[in-house]
Amino acid sequence: MKIVTVCGMGFGTSLMVKMSIDDILKELGKQADTQAMDMGSVKGLDADLFVTSKEMESSFPEVDAPVIYLDNMTNKAEIKEKVIPFLNR
Amino acid sequence: MLDFLIQLITTPAVMLGLVALVGLLIQRKNAADVTKGTLKTILGVLILTAGSGVIVQYLEPFATIFTQGFQLTGVVPFDEAVIGALSEKVPEIARNGSLILALGFVTNIILARFSPYKYIFLTGHMLWIMSGALAWAFYDLGYSTVQAVLWGSMIQGLACVLFPALAQPIMRKITGSSEIGYGHFTTAGVVLSAGVGKLVGNPKKSSEDMKMPKSLEFFKDTAVSISFVMVLIYLISVLMAGPEFMKTISNGQNWIVFAIVQGLGFTAGVLILLQGVRMFLGEIVPAFRGIAQKLVPGATPALDCPVVFAFAPNALIIGFLSSIVGMVIGMLVSRTFGEIVPLPSIIGGFFTGGIAGIFGNALGGRRGAIVSGVIYGLVLTIPVALFFPLYGLETYGVTGIALLLSDALIVLSGVKLLDSLHILPIAVPLAIVAVIALGWIRPNKKQGKSESV
């Protein structure tokens, strides 16, 4: 499984979220390939899940995978709540 | 053999790769992840360097055009380019800078472990700029390598905990917790600007309560915003220089075409640089975090500007636009007292002008954001003009660029001041002791910790 976290530049918030998801995966004992990415490079990218912030919703490009929008990208509890159901699918 | 090892380790790209390697090994990552993380860190730094090369290539003719057009020496404030060029011209600066970067990070961890300021500074390119600037200052003052690295890494470590501490009260207001810190050496400038914004604004009227016009949202894309402003700046300068003069520069190319291509070429360089930064940070930040988690429990990572952007996107755009206004005013003011005129730094305007807007909004609402942005625009220009003659970049054959970061200017001036008073070898260790002693004097007052856990 490939999870891509996205923010405007691809190394600020997206990286934080990527690391939080890595921690969650470790806690659950699950394996997934995670990667932080900038908005401009998302189009045409092959992934199973995209995670980004609510703020990006209006300008997020069309992708072939589900997109999770976070209200607060630094809130680990929110990331857990929204990402875990997907991991358990 | 020893020479081979020293050369290998003191190549900045390889050295940062080694830091990533250590961090990944501490986390017991598997061989594939360790190899990938180390290699991509090194490649990221090399791409970043290539990007600065492209930027400099497109800036060189621009400096000539600007001088001709305005009968002024225009400089582009761009820190990566300054440190890159200095490292290329003087191998000793490159080598000492790498050592200061590595040992400064160790000092940072020690200070975070034993002082009340629990910040681990993770913004890689800022660390690189500060350590390069310190290596340059000590080289300029004639210090030996041992002394330069010793004092330099101590100062680097202090800067890594003290500047984030300065910004943390505002960061707490913005993010609602103490989970992240502001790790960017523009802290003094943005905090000062936000403070002025606070005086005139009302924090209850937040910029986030109003709707920004959709038509301005495309400025969020750095490629668009930088292209837009750079092409405009090139066009104005080319116009001022006149078509006749332009023929000598552009090899007969039409001057408007020339201006557009140059402006876009500059942007392309920035995009290459950012791609390198992205790859480099994407690997080294998680690796760094591994080191920090093991050694400094309860540490707050101090991170780059973009981590705050999502908290106040309107304030970001307000800060960006108003800082450009401030920079133009600053240009006009700089003209009145010196030959050197700092050109608007579009990268600085977007990233850190945006932060000034977000900080200003936190303290003084939307009016605070506007005022903070304009003041920050002045901070991005006037000190550059004031401090430029102090360091004599031209003596190293580096022209047309200048150092911009407010914290770096403060630290470098502090080094020059302490050196001229002959108290640097006493003052720097004393500062380290004082910062650690604070933790013993006030053991019960743990700053903001209770909120974050």
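## Aromatic residues in chain A

A:Y69 has a relative accessibility of 19% and therefore counts as buried, since burial is assigned under 20% relative accessible area. The model described here is a predicted one, and the values quoted for A:Y69 and for the other residues are to be read accordingly. The ring of A:Y69 pairs with that of A:F60 in an edge-to-face arrangement, with 6.1 Å from centre to centre and 85° between the planes. The pair is called edge-to-face because planes over 60 degrees apart are placed in that class. A:F60 also counts as buried, at 10% relative accessibility.

These two rings belong to a cluster: ring pairs link A:F60 and A:Y69 with A:F50. Over all chains, the structure holds seven aromatic pairs.

## A buried serine in strand β3

A:S53 is placed in strand β3 of chain A. Its relative accessible area is 3%, so A:S53 is buried. Apart from neighbours within four places in sequence, A:S53 is in contact with A:V6, A:Y69, A:L70 and A:M73. One of these partners is A:Y69, the residue that pairs with A:F60.

## Helix α2 of chain A

Helix α2 of chain A runs over residues 76–87 and has 12 residues. From its first C-alpha to its last, α2(A) reaches 15 Å, close to the 16 Å expected at 1.5 Å a residue. At the N-terminal end of α2(A), A:N75 acts as a cap: an oxygen of its side chain lies 2.9 Å from the backbone nitrogen of A:A77.

The buried residues of this helix are A:E78, A:I79, A:V83, A:F86 and A:L87. They lie on the same side of α2(A) because they cover an arc of only 145° around the axis. The face turned away from this buried side carries A:A77 and A:E81, which are exposed. A:A77 thus appears in two roles, as an exposed residue on that face and as the residue whose backbone nitrogen faces the side chain of A:N75.

What do the buried residues of α2(A) pack against? Their partners in chain A are β1 (2–7), α1 (13–28), β3 (49–53) and β4 (67–70). Strand β3 is also where A:S53 is found.

## Chain B as a whole

Chain B has 18 helices and six strands. Of its 453 residues, 57% count as buried. Contacts in chain B between residues at least 6 apart in sequence join residues at least 24 apart in 84% of cases.

## The surroundings of B:K118

B:K118 is located in the loop that lies between α5 (91–114) and β2 (119–121) of chain B. Is B:K118 buried or exposed? With 19% relative accessibility, B:K118 counts as buried.

Two backbone oxygens lie close to polar atoms of the B:K118 side chain: that of B:R113 at 3.3 Å and that of B:S115 at 3.1 Å. Leaving aside neighbours within four places in sequence, the contacts of B:K118 are with B:A112, B:R113, B:P297, B:G298, B:A299 and B:T300. B:R113 has a further partner, as it lies over the face of B:F114 at 5.4 Å from the ring centre.

## Two partly exposed residues of chain B

B:Q27 occupies the loop between α2 (12–26) and α3 (31–70) of chain B. Its relative accessibility is 26%, so B:Q27 counts as partly exposed. Not counting residues up to four places away in sequence, B:Q27 touches B:P286, B:A287 and B:G290. The contact with B:P286 includes a polar one, in which the side chain of B:Q27 reaches the backbone oxygen of B:P286 at 3.2 Å. B:Q27 and B:Q293 are 266 residues apart along the chain, with their C-alpha atoms separated by 9.5 Å.

B:T145 is found in helix α7 of chain B, which spans residues 145–175. B:T145 is partly exposed, with a relative accessible area of 24%. Beyond neighbours within four places in sequence, B:T145 is in contact with B:E92, B:R95 and B:N96. The C-alpha atoms of B:T145 and B:N96 are separated by 6.7 Å, although the two residues are 49 residues apart along the chain.

Methods
Residues numbered from 1 in each chain as written. Chains lettered and ligands numbered in written order. Predicted model: local features only at pLDDT ≥ 70, side-chain atom pairs only at ≥ 80, totals over all residues. Heavy atoms only, no water. Helix = DSSP H or I, 4+ residues; strand = E, 2+ residues; numbered from the N terminus. Expected span 1.5 Å × (residues − 1). Buried < 20%, exposed > 50% of the residue type's maximum accessible area, 1.4 Å probe, protein only. Arc of directions from axis to C-beta. Contact = heavy atoms within 4.5 Å. Polar contact = N/O pair within 3.5 Å; in protein donor to acceptor, adjacent residues only side chain to side chain. Phe/Tyr/Trp six-rings, centres within 6.5 Å; stacked < 30°, edge-to-face > 60°. Lys NZ or Arg CZ within 6 Å of the ring centre and 35° of its normal.
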